[in-house]
Amino acid sequence: MCQQVMIAMALANDPDLLIADEPTTSLDVIVQAQILDLLRSIRKERELTIVLISHDLGVVTGLADRVCVLYAGRIVEQGDVDDIYHRSRHPYTRGLLAAVPRPTGAKHRRLTSFEGAAPSLLRVPTGCAFQPRCPRRAADCLEADPRLRPVGSVQVACHHAEDLDVSCASDRS
Ligand code: SF4
């Protein structure tokens, strides 16, 4: 109820843009679905742009048209939601997707996790910010900061984006 009241307050001035920062955090799945339905119908009725900030990739799939994946305060990959889910090129995005539990598919699929923790923004590693945790790190990753660039159907900041097999992204393994 509080989330719904917050959304109503945010819409009171008839904005063109709504920033929804973790709108479903700590809600059970039923209420979460209600909030997502509400946001979808508001978006359609008011032709509203919604910037959704979320750690929950299920929520992102349910609402977003385009996705930006951030790491250490920077966009490391962006594209249409379908491309990000099925044709992502960044090891971080791949890892996030592989960490999502799924009720269908292989019974004994292992959920992945990254070693270490996200860096302090006061001490971002040299080269690629993700390099201390990246399973695909190579020598050049420690030297140059990769820029966001188009590769396939997404934009990605990774020196080795072309090396990743896109066919593996669709099974998120
Ligand atoms: S640039 Fe290197 S360290 Fe960074 S994500 Fe790509 S492979 Fe990993």
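The loop between helix 2 (29-46) and strand 2 (49-53) holds Glu47, a good place to start in this predicted model. The backbone of Glu47 has a phi near 50 degrees, a positive value in a residue that is not glycine. Is Glu47 buried or exposed? With a relative accessible area of 72%, Glu47 lies above the 50% cut-off, so Glu47 counts as exposed.

A second loop offers a similar example. Ala72 is placed between strand 3 (66-71) and strand 4 (74-80). Phi of Ala72 is likewise near 50 degrees, again positive in a residue other than glycine.

Attention now turns to helix 5, which spans residues 91-98. Seven of the eight residues of helix 5 are buried, leaving this helix mostly covered. The buried residues begin with Pro91, Tyr92, Thr93 and Arg94, and the list continues with Gly95, Leu97 and Ala98.

Pro91 also provides a link to the ligand, as it is both one of the buried residues of helix 5 and one of the residues around the ligand. Where does the ligand sit? Its site is the largest cavity. Alongside Pro91, the surrounding residues include three histidines, His90, His159 and His160, and the cysteines Cys128, Cys134, Cys141 and Cys158. Phe130, Gln131, Arg136 and Pro146 complete the shell. By residue type, this shell divides into seven nonpolar residues, four polar residues and one charged residue.

Conventions. Residues numbered from 1 in each chain as written. Predicted model: local features only at pLDDT ≥ 70, side-chain atom pairs only at ≥ 80, totals over all residues. Heavy atoms only, no water. Near = heavy atom within 4 Å. 1 Å grid on protein atoms, 1.4 Å probe; cavity = no way out; pocket = protein on both sides within 12 Å on 5 of 7 lines; lining within 4 Å. Sits in = over half its atoms within 2 Å of the grid points. Nonpolar A, V, L, I, M, F, W, Y, C, P; charged D, E, K, R; others polar. Buried < 20%, exposed > 50% of the residue type's maximum accessible area, 1.4 Å probe, protein only. Helix = DSSP H or I, 4+ residues; strand = E, 2+ residues; numbered from the N terminus.
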